[in-house]
Amino acid sequence: TVSAPNEKIKQKNDLPKEYKPLFTGSIDLYSQIPLNYLTKRGFSHDKIYKYKIGYCASGEYKGRVIIPSFDEEGDVSYFVSRTYTKQKRKYKNPRVSKDIVFNDLLIDWQKPIVLVEGVFDSIHEENMIPILGSTLSEKTELFQKIVEKSPKTYIALDPDAYKKEMNIVSNLIKYGVDVWNIEVPEGKDLNDISKYEYQRLKMTAKQVKFDTLFEMINI
């Protein structure tokens, strides 16, 4: 068997000092706008509370919702900030490594996981893990954790990242992980489709094995 790379030291990070929670029930004019934005993007109040989502009305991250990531010990390891105004730069993330398991604290590694690209793709069900991009190196903390825990793993990246997705699948299979491919419709990402459509796609997902991998890569 192939062993996973060596474990890395866990990263700690701080939320912006201007961060204000959106789950306390105290809503004012400033917080209503980011709340409306999150609702339109599919985040229920329960998910806003569960993920401890907030926003910044001033400072470096002014006009952005803040979605924290908590490591398995409950410490902040990273956060994603996304504008809810008309700023040209949609995302402005902290100047630290993205080599973390996003919201590891909330993942049940005894159950199947679903790998997706970004945090807004991870709203459909529990145990969806954003890889914060379209690549996943064997040296990353997330890859190591998947190999260690070896859960049933679904992967659902955007269609334009198909070859990169197949590279991730190939590497996971090499380490003995069972992988199922969820085919996201062309021209869409997970945040564009309904929960019903997502569940249908997941139910029809196919397990990828070495004897079918080469054919899928060359589609």
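Two strands count as paired here if DSSP finds at least two bridges between them. In this predicted model, strand β3 (residues 64–70) and strand β4 (residues 76–83) clear that bar, with 7 bridges joining the antiparallel pair. Phe70 of β3 sits across from Val76 in β4. The two strands make up a hairpin with 5 residues between them, and Gly74 in the turn takes a positive phi of about 90°.

β3 also has a partner in strand β2 (residues 54–56), again antiparallel, this time through 3 bridges. Within that pairing, Tyr55 is bridged to Val65 of β3. As for burial, 7 of the 7 residues of β3 are buried, so the strand is largely enclosed by the rest of the structure. Arg64, Ile66, Pro68 and Phe70 point one way from the strand, while Val65, Ile67 and Ser69 point the other way, and residues on both sides are buried.

Turning to a loop, Glu125 lies between β5 (113–116) and β6 (128–130). With a relative accessible area of 17%, Glu125 falls into the buried class, the cut-off being under 20%. Its side chain is not short of polar company: a polar contact of 2.4 Å links the side chains of Glu125 and Tyr198, and another, at 2.8 Å, links the Glu125 side chain to that of Lys202. Setting aside neighbours within four places in sequence, Glu125 touches Val114, Tyr198, Gln199 and Lys202.

Technical notes
Residues numbered from 1 in each chain as written. Predicted model: local features only at pLDDT ≥ 70, side-chain atom pairs only at ≥ 80, totals over all residues. Heavy atoms only, no water. Buried < 20%, exposed > 50% of the residue type's maximum accessible area, 1.4 Å probe, protein only. Helix = DSSP H or I, 4+ residues; strand = E, 2+ residues; numbered from the N terminus. Polar contact = N/O pair within 3.5 Å; in protein donor to acceptor, adjacent residues only side chain to side chain. Contact = heavy atoms within 4.5 Å.
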